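Colleague: I am new to this structure and would like a close look at the largest cavity. Please tell me what lines it, and then what else is worth seeing in the helices.

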Amino acid sequence: MRPERLRSALTLLAAATTLALGTAAPATAAAERPAAAAGHAAAASHGLGTITELIAQRLLQADKVAAAKYGTDTPIDDPVREAQILDDVRARATGLGLDPDAVAAVFRDQIEANKLVQRGLYARWDAHPDERPTERPDLAKEVRPALDRITTQLLAALAETEQARALPSCGPRLVTAAGWSAFDHRLDVLHVKGLGRALPSVCDAS
């Protein structure tokens, strides 16, 4: 599945899952879960659920990054920091026996997805001042350590799923896993769009 088609499928399925399940009351959602548990278990069994879970967690950190930067002179784009992240994951990928270029592509998607969400939040806060964050998280002490932890876990998950990610079935399975992650985290439309942007490079199969 081509990256553009995969991205569209991810966004559409995650959005549909969110609309169908995420708006239900907690008791209703809990009642629906057993009927769909087999699909959820299948998504997790091949490790792709772990990947989409970690990527969703990373994506939600964009809210804190945006809250830390909004209203300051710190830009959303940070080429120096982005280059440092990509250099780091390339080196660590080599140590794990992974293709450093393929891993860098996955993390480049994470960076772009994060910025997509930040820009969306900026636009939301500009239009609705009452929704602006009331606290400014500490990037160095709070946000970046969380991102670093997720990076380590995501690299391990990529190593564990190397064979599964090379199969032609990776794309459809990733779409399913992404839908469950969107549901589990109750992602809104903006974050679902970010999830779709974050995942196209996960599958190695053409």
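Modeller: Helices here are DSSP runs of H or I with at least four residues, numbered from the N terminus. This is a predicted model, in which local features need pLDDT of at least 70, side-chain atom pairs count only at pLDDT 80 or more, and totals for chains, interfaces and linings use all residues. Residues are numbered from 1 along each chain as its sequence is written, and side-chain values use heavy atoms, with hydrogens and water left out.

Now to your cavity. There are 2 cavities of 30 Å³ or more (sets of points on a 1 Å grid where a 1.4 Å probe fits but cannot get out). The largest cavity holds about 240 Å³ of space, the volume filled by probe spheres set on its points. Its lining has 17 residues (those with an atom within 4 Å of a point). Nearest the centre of the largest cavity lie V65, K69, R81, I85 and N114. Two or more lining residues come from each of α3, α4, α5 and α6 (139–160), and α5 gives the largest share, 5 residues. By residue kind, the lining of the largest cavity divides into 7 nonpolar, 3 polar and 7 charged.

Helix α5 (residues 100–127) also takes part in an aromatic contact, as Y122 lies there, while its partner Y70 sits in the loop between α3 (48–69) and α4 (79–95), so the pair ties together parts that are 52 residues apart in sequence. The rings of Y70 and Y122 have their centres 5.1 Å apart, with 75 degrees between the planes, which makes the pair edge-to-face (centres within 6.5 Å, planes over 60 degrees apart). Y70 is buried at a relative accessible area of 14%, and Y122 is buried at 17% (buried means under 20%, with a 1.4 Å probe). W125 joins Y70 and Y122 in one aromatic cluster, and the whole structure has 4 aromatic pairs.

Let us finish at helix α8 (residues 170–184), the place of W180. W180 is buried, with a relative accessible area of 11%. Its C-alpha is 8.6 Å from that of T52, although W180 and T52 are 128 residues apart in sequence. Helix α8 also contains C170, and C203 lies in the segment after α9 (189–198), so their link ties together parts that are 33 residues apart in sequence. That link is a disulfide with 2.0 Å from S to S (sulfur atoms within 2.5 Å). The link of C170 and C203 is left-handed, at -80 degrees about the S-S bond, and both cysteines are buried.

Methods
Buried means under 20% relative accessible area, exposed over 50%, partly exposed in between (1.4 Å probe, protein chains only). Rings of Phe, Tyr and Trp (its six-membered ring) pair if their centres lie within 6.5 Å; planes under 30 degrees apart count as stacked, over 60 as edge-to-face and the rest as tilted. On a 1 Å grid over the protein atoms alone, a cavity is a set of points where a 1.4 Å probe fits but cannot get out, and a pocket is an open set with protein on both sides within 12 Å along at least five of seven lines; lining residues have an atom within 4 Å of a point. Ala, Val, Leu, Ile, Met, Phe, Trp, Tyr, Cys and Pro count as nonpolar, Asp, Glu, Lys and Arg as charged, and the others, Gly among them, as polar.
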